[in-house]
Amino acid sequence: MYLALKDILRLIHPILAVLVVFPLIGIVVFMAWQTRQRRLQVAAEGKSKIPPVVGQEHVQLGRWLAAAVVLVELLGISRPMLDRVMQDQLWQTVPFKLTLIALLYLATIASLVLLYRARPKRWRAVFATLTGMGIVILSYQDLAILQLANPAIYRRNEEWLLSHFYYGVTVTLLMVFSLAIIQDIYQDRENRWRTVHIVLNSIALLLFVGQGITGTRDLLEIPLSWQEPHIYQCDYANKKCPEPPPAKQSRGTLPSFPATPSPLALSPSRE
Ligand code: HEM
Ligand code: HEM
């Protein structure tokens, strides 16, 4: 197998996104559409064939979706960070800062749990703000807290319009905001919060599509761990890699083949 433990750990995030988050998005959006259709049909004709329970089911699965997105986001930023901690043995040089980061993870998760439980508007606002702040600070932990010269969460590239990182943080904050305003959507008779929810979560849907595209692009670009020393020697701007050393040739013999056979050569023979 070509995968090392580091590569397998890296795959957990995309696997969860593909197997849990994206199917949930499909169901939640389908039910969102039905909830809206039902509400408009009842307002216009007084009845609808869509069952009334669809709104509740949208919210129930929406709550799971929000939690899954926060989890996937935290996994996305934590694996590169843990990798750096192990590689540079940071617990020896900055143990206090690492403890602070660990506490921040706990505080962020606790705030999220409390946001799920809170009913009064003030507490929902407090816990949503704390959760959001935790997510943003943790997403910049390598720069903001550890102040590493060479960032660990490295895929905040300058191409922010195509950045998996910025899309990911924004869409996670939008999910936290959705959690915070559930009661307001129900209580507002003029449907202003409902409209806010629809506008923001339509943007979230576009960002999710962006995550699907930028995430698969990133999977294609990131080398396997044992390939890193070679691949990172390449000049990305000019799309050039160092030339391999010339094969040793002695007069009268054929050039030798590369030492490592290609994966194709390893495949079972067809005979
Ligand atoms: C991509 C994700 C989402 C989209 C596109 C979306 C969109 C919508 C739409 C179109 C409606 C119907 C509005 C109407 O009646 O006109 C709705 C209702 C609602 N949504 Fe979402 N939503 C999403 C995720 C969430 C999440 C994550 C939550 C909560 C955690 C949530 C909570 C609610 C609530 C409370 C309602 C009102 C339901 C009712 O009237 O029974 N939504 N949403
Ligand atoms: C809800 C959807 C998603 C969110 C919120 C999300 C968020 C993030 C964040 C914040 C990071 C860390 C910053 C970075 O390296 O860019 C990250 C890393 C990454 N994401 Fe996603 N992502 C999502 C979906 C996906 C999908 C669908 C894929 C691929 C199929 C993917 C592949 C990756 C990869 C390969 C990394 C690098 C991980 C590492 O180095 O350990 N992501 N993601």
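**Exercise 1. Compare the end-to-end reach of helix H9 with the span expected at 1.5 Å a residue, and state what its buried residues pack against.**

Step 1. In this predicted model, H9 comprises 30 residues and reaches 43 Å from its first C-alpha to its last, which is close to the 44 Å expected at 1.5 Å a residue.

Step 2. The buried residues of H9 are His-197, Asn-201, Ala-204, Leu-207, Phe-208, Gln-211 and Thr-214, and they pack against H1, H7 and H8.

**Exercise 2. Describe helix H1 by its span, its kink and its buried residues.**

Step 1. H1 has 41 residues, and the distance of 59 Å from its first C-alpha to its last is close to the 60 Å expected at 1.5 Å a residue.

Step 2. The helix nevertheless contains a kink of about 35°, centred on Ala-17, and Ala-17 is itself one of the buried residues of H1.

Step 3. The others in that buried set are Arg-10, His-13, Val-21, Ile-25, Val-28, Met-31 and Ala-32; the buried residues of H1 pack against H2 and H9.

Step 4. After the helix comes Gly-46, whose phi is positive, near 80°.

**Exercise 3. Identify the residues and elements that build the largest nonpolar core, and place Val-171 within its contacts.**

Step 1. The core holds 37 residues, of which Ala-66, Val-69, Val-171, Met-175, Val-176 and Leu-179 touch the most other members.

Step 2. At least two residues of this core come from each of H1, H2, helix H4 (95-117), helix H5 (121-139), H7 and H9, and H7 gives the most, with ten residues.

Step 3. Once residues up to four places away in sequence are set aside, Val-171 touches Val-69, Ala-204, Leu-207, Phe-208 and Gln-211; of these partners, Ala-204, Leu-207, Phe-208 and Gln-211 are listed among the buried residues of H9.

**Exercise 4. Decide whether Ser-139 and Glu-190 are buried or exposed, and set out how each lies relative to a residue 62 places away.**

Step 1. Ser-139 is found in helix H5, and it counts as buried because 22 C-beta neighbours lie inside 10 Å, where the cut-off for a buried residue is 20 or more.

Step 2. Glu-190 lies in the loop between H8 and H9, and it is exposed because it has 7 other C-beta atoms within 10 Å, where the cut-off for an exposed residue is 12 or fewer.

Step 3. Ser-139 and Ile-77 are 62 residues apart along the chain, with their C-alpha atoms separated by 6.1 Å, whereas Glu-190 and Ala-128, also 62 residues apart in sequence, are 24 Å apart, C-alpha to C-alpha.

Step 4. Leaving aside neighbours within four places in sequence, Ser-139 is in contact with Ile-77, Ile-153 and Val-169.

**Exercise 5. Characterise the shells around ligand 1 and ligand 2 by residues, elements and class.**

Step 1. Around ligand 1 there are 26 residues, the closest being Ala-32, Arg-36, Gly-55, Gly-62 and Asn-201. The elements giving two or more residues to this shell are H1, H2, H7, helix H8 (182-187) and H9.

Step 2. By class, the shell around ligand 1 has 14 nonpolar, eight polar and four charged residues.

Step 3. Around ligand 2 there are 29 residues, of which Pro-14, Gly-76, Arg-155, Gly-168 and Gly-215 come nearest. Two or more residues of this shell are given by each of helix H1 (5-45), helix H2 (54-88), helix H7 (164-180) and helix H9 (192-221).

Step 4. The shell around ligand 2 has 15 nonpolar, nine polar and five charged residues.

Notes
Residues are numbered from 1 along each chain as its sequence is written. Chains are lettered from A and ligands numbered from 1 in the order in which they are written. This is a predicted model: local features need pLDDT of at least 70, side-chain atom pairs count only at pLDDT 80 or more; totals for chains, interfaces and linings use all residues. A residue is near a molecule or strand if its C-beta atom, placed from the backbone, lies within 6 Å of it. Helices (H or I, at least four residues) and strands (E, at least two) are DSSP runs, numbered from the N terminus. Ala, Val, Leu, Ile, Met, Phe, Trp, Tyr, Cys and Pro count as nonpolar, Asp, Glu, Lys and Arg as charged, and the others, Gly among them, as polar. The expected span of a helix is 1.5 Å times one less than its number of residues. The bend at a residue is the angle between axes fitted to the seven residues ending there and the seven starting there. Two residues are in contact if their C-beta atoms, placed from the backbone, lie within 7 Å. A nonpolar core is a set of buried Ala, Val, Leu, Ile, Met, Phe, Trp, Tyr and Cys residues joined through C-beta atoms within 7 Å.
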